[in-house]
Amino acid sequence: LATGSVTRVSDVKANLNTLQNPMPNAVFVVTQGEKGVYYTDGDEYGEYPAQSIEVVDTTAAGDSFNAGMAVKLAEGSYLKEAIAFATKVAAVTVTRFGAQTSLPTREEIVD
């Protein structure tokens, strides 16, 4: 597996394939900030674009993305729906300063 910043899509795919081999039913999601999200669920590999926004502070971007994913998956959403929601949550988060103060409410995120 590559470590550090993986910049090429081919590297991301290769790393996901390496991870998937011993765990064929596992789901892997790789966030790449402004480059979007790459994912695989064992059957499908996909990409989801990042939203085009003006970034103020990236503090809590990853945490808010993970929280958004967890909420939607717990509600029974499919992986792509969860990624779309999580991307929106992270996009709102990075438009504000701080950690807890930057996290959006559920009402601020349009499903």
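## Hairpin and sheet

Strand 2 and strand 3 are joined as a hairpin with 4 residues between them, and Gly42 in the turn adopts a positive phi of about 100°. The model described here is predicted. The two strands of the hairpin run antiparallel and are connected by 4 bridges. Within this pairing, Val37 has Tyr48 of strand 3 as its bridge partner.

The hairpin belongs to an open sheet of 3 strands, ordered 1-2-3 with antiparallel pairing. Strand 1 (28–31) and strand 3 (45–48) are the edge strands, each pairing on one side only. From one strand to the next, the twist averages 15°. Strand 1 and strand 2 are also antiparallel and share 4 bridges; here Val29 is matched with Tyr39 in strand 2.

## Helix packing and the nonpolar core

Helix 3 lies across strand 1, strand 2 and strand 3, and runs at about 160° to strand 2.

The largest nonpolar core comprises 9 residues: Val37, Tyr39, Phe65, Met69, Leu79, Ala82, Ile83, Ala86 and Ala90. At least two residues of this core come from each of strand 2 (37–40), helix 2 (61–74) and helix 3 (79–93). Helix 3 provides the largest share, with 5 residues. Both Val37 and Tyr39, named above for their bridges, are members of this core.

Phe65, another core member, has contacts beyond four places in sequence with Val29, Thr31, Val37, Ile83, Ala86, Thr87 and Ala90.

## Salt bridges

The whole structure contains 4 salt bridges. One of them joins the side chains of Lys72 and Glu75, with an N to O distance of 3.5 Å. Lys72 counts as buried because its relative accessibility is 10%, under the 20% limit. Glu75, by contrast, has a relative accessible area of 45% and is therefore partly exposed.

Glu75 also forms a salt bridge with Arg106, at 2.8 Å from N to O. This pair links distant parts of the chain, 31 residues apart: Glu75 sits in the loop between helix 2 and helix 3, and Arg106 in the segment after helix 3. Arg106 is partly exposed, at 35% relative accessibility.

A further salt bridge connects the side chains of Arg96 and Glu108 at 2.3 Å, N to O. Arg96 and Glu108 both lie in the segment after helix 3, so their pairing ties together parts that are 12 residues apart in sequence. Arg96 is partly exposed at 23% relative accessibility, as is Glu108 at 37%. Through shared partners, salt bridges join Lys72, Glu75 and Arg106 into one network.

Methods
Residues are numbered from 1 along each chain as its sequence is written. This is a predicted model: local features need pLDDT of at least 70, side-chain atom pairs count only at pLDDT 80 or more; totals for chains, interfaces and linings use all residues. Side-chain values use heavy atoms; hydrogens and water are left out. A nonpolar core is a set of buried Ala, Val, Leu, Ile, Met, Phe, Trp, Tyr and Cys residues joined through side-chain atoms within 4.5 Å. Buried means under 20% relative accessible area, exposed over 50%, partly exposed in between (1.4 Å probe, protein chains only). Contact means heavy atoms within 4.5 Å. Two strands pair if DSSP finds at least two bridges between them. Axes are lines fitted to C-alpha atoms, for helices over the stretch in contact, and angles run from 0 to 180 degrees between N-to-C directions.
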